[in-house]
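Hi,

Here's the structure I said I'd pass on. Have a look at it first, and my notes on what turned up are underneath.

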Amino acid sequence: MSVDTTVRLSGLELKNPVMTASGTFGYGLEFAPYGDLRELGGIVVKGLSLAPRPGNPMPRIAETPGGMLNAIGLQNCGVEVFLRDKLPRLPVAATPVVANLYACDAGEFAELAGVLAGAPGVAALEVNISCPNVKAGGIAFGQDPSMAERLTEAVKKRAGNTPVWVKLSPNVTDIVAIARAAVLGGADALTCINTLTGMSVDIRTRKPRLANVVGGLSGPAIKPVALRCVWQVCRAVSVPVIGVGGISSAEDVLEFLLVGAHAVQIGTANFMRPDMAFRIAARLPRLMEELGIGSLDAYRGSLVLPS
Amino acid sequence: MVISGICRDVSILSVAAAGPEGAAYGCYVIELENPGFAPAVSGQFVMVRPAAFGGDPVWPRPFSICRLTPEKLTLFVQACGRGTNILCRLAPGETATVWGPLGQGFALEPDVPTVMLAGGVGIAPFVEYAATHPAPENLSLVFGHRQPLSCYPFEAMAGGIGRARAFHEQTPEDLPAFIALLDETMAAFAGGLALACGPRPFLVTVARLARKYGARAQVSLENRMACGVGGCLGCVEKNALGSYVQTCTEGPVFWVEELSLLEGA
């Protein structure tokens, strides 16, 4: 049987639903030796800010059961260097490259959106309203529905025709409330979820394992939380949802699609092996064939709930 | 900076205790199929994630290339945590995902008197360095170790190079004598080249002595790493300008003056 892995999402056509998650795939170029970037459904690059950011002190990462904590602190080269040195080397004609935006206030977010939306080769903007690792802003936007709405609106105003995705935090009482607020603000799609705030300590040295003390938990350990969030949000909003959190196989991809996601992002699994996202993208059509899934449009959201 | 690398699933060829007491002290030599690597620069490293990890631990583990031949990749591993304990119990025929060769290796200046300063398992990259050096008579080795000497590839190396000296640090009280040996060594090689690999406090001492004698020295860092390819920004080290540099792609080998190892030390 022939299978169709194509996905349409906020005006973009992805050749498959397998994208990479911001902060786990560098600027894409780092992973080019390990696979053909054009084979991915999309590449979401490391979070960008207006000015370069140095990031947090070390140690920044710690391994945890089935996952890891990170407090990188959004170290990045800044939007100017990205547009000048990184973007031109990415295969933007063959696969959508999505810029992930980080800023400290709505004004900065809007300015950043203006710069990136006007840049040829940037297919969409993913707004990080949920990074847990920076002191100013970040998660505060992601925890307050009215702020999430205002921020989305501000970005949307400057984004022109470039689609705006809003990346949500799971560190909230009700993710659906934030999701609805982002949609009210004009979000074209929602990315669920960012990392879960966590902590790890060493009983011998009596020190936290991260210099930042707390960090974001990711990896297979968080997949059930991500799946639940995606399912809840998909039921509540009409815009497409992009699932992310602990995905490390084609089977995991289908789980997220089954609960309603249009597409997914591979995050921490890129660290398990640098060709992971490429392998998952290659495996997906074969798995669809095995399961008799002809198109993802038909499969999406087909979860059978107990009556 | 050239970004390159190969990622393959390869077979474990052998896992053997290093020397008669290796098993008791957790020191192992692991041989894997060469994943298709061309000759590497000594001091470069590989990431290894055996299939036996399953979904946990999540991260691969970084190891210096101890020896690389067209057929085999050899690693020297000390079982000291979850990952290395699984690795050291693998059986021949089991598979591991390996990617590399990664990062920047040690400087090679064949005619310059060069001393390799190794601490414990940090001797690993120097096995390859000595084996591929065009003028091994110009090489010296100063090796500090806590486990019995037979647990390390010291004797095999010592025969092929100019001079080799081992120092057994049995108790913390032995430390000043070892530092004195490093001091004396660094003074002697002030006009040469010093290369160091070992625990961080050891590298800080090397950096301090290099400054004291104006010696040219490189250190190989062992920062905690997730991806090994520059994707996660987790393994950074603070450089002399106060910026964070990636240990995986810009290191693991750095000239000491590029870093700020002495800050707060």
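**What I found**

In chain A, 59% of the 307 residues are buried. Keep in mind that this is a predicted model.

Staying with chain A, its secondary structure adds up to 10 helices and 16 strands. The radius of gyration is 18 Å, close to the 19 Å that the globule rule gives for 307 residues, so chain A is as compact as a globular protein of that length. If you want a feel for its extent, the C-alpha trace spans about 55 × 50 × 45 Å along the principal axes. Looking at contacts in chain A between residues at least 6 apart in sequence, 73% of them link residues at least 24 apart.

Now for chain B. It has an open sheet of seven strands, in the order β4-β3-β7-β1-β2-β6-β5, with antiparallel pairing. At the edges are β4 (61-64) and β5 (67-68) of chain B; each has a single partner strand, so one side of each has no neighbour in the sheet. Further in, β2 (residues 27-33) and β6 (residues 72-78) of chain B run antiparallel and are joined by seven bridges. One to find on screen: Glu31(B) has Thr74(B), in β6(B), as its bridge partner.

And where do the chains meet? There, 33 residues of chain A are in contact with 25 residues of chain B. On the chain A side, the elements giving two or more residues are β5 (61-64), β6 (67-70) and α8 (269-272) of chain A. That side of chain A is made up of 17 nonpolar, 11 polar and five charged residues.

Cheers

How values were computed
Residues numbered from 1 in each chain as written. Chains lettered and ligands numbered in written order. Predicted model: local features only at pLDDT ≥ 70, side-chain atom pairs only at ≥ 80, totals over all residues. Pairing = 2+ DSSP bridges. Helix = DSSP H or I, 4+ residues; strand = E, 2+ residues; numbered from the N terminus. Contact = placed C-beta atoms within 7 Å. Nonpolar A, V, L, I, M, F, W, Y, C, P; charged D, E, K, R; others polar. Rg over C-alpha atoms; globule rule 2.2 N^0.38 Å. Buried ≥ 20, exposed ≤ 12 C-beta atoms within 10 Å, placed from the backbone.
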